Amino acid sequence: MAKANPLQEQLLKAGLVKKSQVSQAAREQVKARHGKAPVAPTDSQREADRLRAEKAERDRAIEAERKEKSRQQELQAQVRQIIESNRVKREGESEYRFNDGTLIRTMLVNEVLRRQLAAGSLVIARLGEGFELVPRAAADKIRERDPSAIVLDNGKDRGSAEPSTGNAEDDAYYAQFQVPDDLIW
């Protein structure tokens, strides 16, 4: 039991308080001295907590952005490696023209490569500022990582119907004309 102060001893001797009341008061004084009671946060503490939470949120956002950028760079490196390791040697004197966005590009190929491009077994992929021929299996791996790296793929639309101009009458009329397979433009 905590030692009672002289006033408490006098009140106890006079019979005005009981021993249990004195010990209860002593326990409360000890608790008050040791600071066990919860303290309400001040305005400055609340402001500091708010600033700490905002900084943590900014740091999380910056870290997520950095990780996403790193992941994109890793995917680009994988695409570059797949293209470099699977590219088909280009040879020939015949020009093969293809669309690159709004531009028309030209690549020199031989008849075997031209037939493989037309059949869809070869695909044209972008490598830096240039273009390379890659086999279909490598193109599928590239498409998983970065679809924009594939410039020309004649085999991807095999399952879809003929392209439509949007006018059913015109499509029916032009369907009667055959387009030669060896048309080179």
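Accessible areas here come from the Shrake-Rupley method with a 1.4 Å probe, and the model is a predicted one.

Q: What area does the protein expose, and what share of it do carbon and sulfur atoms supply?
A: The accessible area is computed with a 1.4 Å probe. For this protein the exposed area is about 14500 Å². The share supplied by carbon and sulfur atoms is 52%.

Q: Which pattern does the protein follow along the sequence?
A: The protein contains six helices and five strands. Read along the sequence, these elements give the pattern α-α-α-β-β-α-β-β-α-β-α.

Q: Is asparagine 110 buried or exposed?
A: Asparagine 110 sits in the loop between strand 2 (103-109) and helix 4 (111-119). Beyond its neighbours within four places in sequence, asparagine 110 is in contact with Glu91 and Gly92. Buried means under 20% relative accessible area. Because its relative accessibility is 18%, asparagine 110 counts as buried.

Q: Which residue has its backbone nitrogen 3.3 Å from a polar atom of the side chain of asparagine 110?
A: The side chain of asparagine 110 offers a polar atom to this pair. At 3.3 Å from that atom lies the backbone nitrogen of valine 112.

Q: How are helix 3 and helix 5 oriented, roughly parallel or roughly antiparallel?
A: The axes of helix 3 (residues 43-86) and helix 5 (residues 136-145) come within 9 Å and cross at roughly 170°. Angles over 145 degrees count as roughly antiparallel. Helix 3 and helix 5 are therefore roughly antiparallel.

Key
Residues numbered from 1 in each chain as written. Predicted model: local features only at pLDDT ≥ 70, side-chain atom pairs only at ≥ 80, totals over all residues. Heavy atoms only, no water. Helix = DSSP H or I, 4+ residues; strand = E, 2+ residues; numbered from the N terminus. Buried < 20%, exposed > 50% of the residue type's maximum accessible area, 1.4 Å probe, protein only. Polar contact = N/O pair within 3.5 Å; in protein donor to acceptor, adjacent residues only side chain to side chain. Contact = heavy atoms within 4.5 Å. Axes fitted to C-alpha atoms, helices over the stretch in contact; angles between N-to-C directions. Parallel < 35°, antiparallel > 145°, perpendicular 65-115°, else oblique.
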